[in-house]
Amino acid sequence: MIKDRGNIKWTAMMLPEHVKALEKWKQRDDYTERIELNEWDLQLIQDELELAYKRQCETIVKTWANGQVTEHRGVVERIDAIKMYLILVGSTGIRKLLVSTIINVQSID
């Protein structure tokens, strides 16, 4: 039994304007507001980043950009306090993350 029959049946009847409107609606539906961090939250993020850097353990860093929360996993290679970014080395490669986009940091033991 074909489970996708309903989509196949109705796609032929959709106008391009309807498809664009549905895509816009999905983008608005997936939009996540940025979490407002207070001083305590920022201090916790800084402490966790420093600890992860010193221990060289695997770390999960969540960032927010353009309404999307992205989870990055890897080892903190470098923290540049002047240029405000950190280098995270993971299985997918090297990532340069802006400190201003970080909303959560968690070390994995």
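**Exercise 1. Determine how many residues lie between E3 and E4 in their hairpin.**

Solution. E3 and E4 form a hairpin with two residues between them; helices (H or I, at least four residues) and strands (E, at least two) are DSSP runs, numbered from the N terminus. The model is predicted, so local features need pLDDT of at least 70 and side-chain atom pairs count only at pLDDT 80 or more, while totals for chains, interfaces and linings use all residues. Residues are numbered from 1 along each chain as its sequence is written, and side-chain values use heavy atoms, with hydrogens and water left out. Next, consider the pairing: E3 and E4 are antiparallel, with six bridges, where two strands pair if DSSP finds at least two bridges between them. Within this ladder, leucine 88 has arginine 95 of E4 as its bridge partner.

**Exercise 2. Establish the strand order of the open sheet and state which strands stand at its edges.**

Solution. The five strands follow the order E4-E3-E2-E1-E5, with antiparallel pairing. Strands E4 (93–98) and E5 (102–107) each have a single partner strand, so one side of each is left without a neighbour in the sheet. Neighbouring strands are turned by 45 degrees against each other on average, direction ignored; axes are lines fitted to C-alpha atoms, for helices over the stretch in contact, and angles run from 0 to 180 degrees between N-to-C directions. Further along the order, E1 (residues 58–65) and E2 (residues 68–80) are joined by eight bridges, and glutamate 58 is partnered by valine 75 in E2.

**Exercise 3. Identify which helix supplies the largest share of the largest nonpolar core.**

Solution. First, locate the helix: H3 (residues 39–55) lies across E1, E2, E3 (85–90) and E5, at about 45 degrees to E5. The core has eleven residues, among them Ile45, Leu49, Ala52, Leu86, Leu88, Ile102 and Val105. Such a core is a set of buried Ala, Val, Leu, Ile, Met, Phe, Trp, Tyr and Cys residues joined through side-chain atoms within 4.5 Å. H3, E3 and E5 each supply at least two of the core residues, and H3 gives the largest share, three residues. Finally, alanine 52 is in contact (heavy atoms within 4.5 Å) with Cys57, Thr59, Val76 and Ser107, leaving aside neighbours within four places in sequence.

**Exercise 4. Decide whether threonine 32 is buried, partly exposed or exposed.**

Solution. Threonine 32 is found in the loop between H2 and H3. Its relative accessibility is 32%, so threonine 32 counts as partly exposed (buried is under 20% relative accessible area, exposed over 50%, partly exposed in between; 1.4 Å probe, protein chains only).
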